[in-house]
Amino acid sequence: MISQLKGLVAEKDTDRVILDVQGVGYELAIPLSTYTSLPPVGEACLLFCELQAPEGLLRLFGFATREERALFDLLQSIAGVGPKLALAVLSTYSPPEFVSAVATDDINRLMRITGVGRRIAQRLVVELKDRLPVFAPLPGAPAAAATPKETAGQLREEVLSALTGLGYRRAQVEPVVKQVLTPEMTDAGTALKAVLRALAP
């Protein structure tokens with residue numbers, strides 16, 4: 001069992017990262033929440049991992065925090081929720097945000113997650129409502145290294161690149177990015193989440 005990996009970021013995209021661990025490159029599927037907390041290519045990073053082997057095909061998943069990994073595991077205990085949908089949950093909301101939506105029966109908010117219709121949203125509420133208190137923020141939990149502060153131009157391009165990687169057309173999202181980004185925003189992860197909320201129906 002591979003529970004965590006520490007190495008250098010060799011490559012990264014919105015849904016995957018290659019971690020160089022003493023010369024061995026491990027490719028991990030990641031949620032957007034983990035992508036936004038990754039350091040630049042070439043810098044060190046710690047990721048918490050889960051290894052799955054469906055039908056003999058090895059798949060490695062990586063997460064910035066133990067909290068994300070635990071929620072990823074719990075989500076897959078729900079009928080109809082596999083790793084792809086569990087990653088979509090973490091790509092849309094942080095664990096505390098997801099807990100809030102479930103705790104308040106906010107079906108419409110849950111339906112903003114890609115792949116979640118009304119039936120699955122209702123199932124998440126019914127089956128998880130009494131099982132989520134453990135996912136309050138964990139004080140002092142190790143996380144991937146924070147991305148350095150960026151200039152306005154770098155931040156804009158980082159956000160646009162992440163959005164196009166998620167399937168949005170650049171021309172579609174540029175006006176929203178321009179409207180949402182403020183001079184106070186210097187972190188790409190925070191900015192990207194703000195834009196995604198603005199784009200949500």
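1. A residue is called buried under 20% relative accessible area, exposed over 50%, and partly exposed in between. The model discussed here is predicted. With a relative accessible area of 62%, Leu58 is therefore exposed. Leu58 sits in the loop that joins β4 (44-52) to β5 (59-63).

2. Leu58 also takes part in a nonpolar patch on the surface. The other members are Met1 and Leu51, and the patch covers about 380 Å².

3. The largest nonpolar core contains 31 residues. Within this core, the residues with the most contacts are Leu19, Leu28, Val159, Leu163 and Val195. Two or more residues each come from β1 (4-13), β2 (16-21), α1, β4, α7 (152-165), α8 (170-180) and α9. Helix α9 contributes the most, giving 6 residues.

4. Helix α9 covers residues 188-199. Its 12 residues should span 16 Å at 1.5 Å a residue, and the C-alpha atoms at its ends are 16 Å apart, so the expected length and the model agree. The buried residues of α9 are Ala188, Gly189, Ala191, Leu192, Ala194, Val195 and Leu196. Val195 is thus named twice: as a buried residue of α9, and among the core residues with the most contacts.

5. Leu155 belongs to helix α7. Its relative accessibility is 1%, so Leu155 counts as buried. Between Leu155 and Met185 there are 8.4 Å in space, C-alpha to C-alpha, although the two are 30 residues apart in sequence.

6. Thr36 is placed in the loop between α1 (32-35) and β4. Unlike the loop residue Leu58, which is exposed, Thr36 is buried, because its relative accessibility is 14%. The Thr36 side chain reaches the backbone oxygen of Ser33 at a distance of 2.9 Å.

7. Two residues deserve a look at their backbone angles. Gln22 is not a glycine, yet has a positive phi of about 55°. Gln22 lies in the loop between β2 and β3 (24-29), and at 82% relative accessibility it counts as exposed.

8. Asp105, also not a glycine, has a positive phi of about 55°. Asp105 is found in the loop from α4 (95-103) to α5 (107-110). With a relative accessibility of 40%, Asp105 counts as partly exposed, whereas Gln22 counts as exposed.

Key. Residues numbered from 1 in each chain as written. Predicted model: local features only at pLDDT ≥ 70, side-chain atom pairs only at ≥ 80, totals over all residues. Heavy atoms only, no water. Patch = residues over 30% accessible without salt bridge, like charges linked within 9 Å, V, L, I, M, F, W, Y side chains within 5 Å. Areas by Shrake-Rupley, 256 points an atom, 1.4 Å probe, with all protein chains shown as cover. Salt bridge = Lys/Arg side-chain N within 4 Å of Asp/Glu carboxyl O. Helix = DSSP H or I, 4+ residues; strand = E, 2+ residues; numbered from the N terminus. Buried < 20%, exposed > 50% of the residue type's maximum accessible area, 1.4 Å probe, protein only. Polar contact = N/O pair within 3.5 Å; in protein donor to acceptor, adjacent residues only side chain to side chain. Expected span 1.5 Å × (residues − 1). Core = buried A, V, L, I, M, F, W, Y, C linked by side-chain atoms within 4.5 Å.
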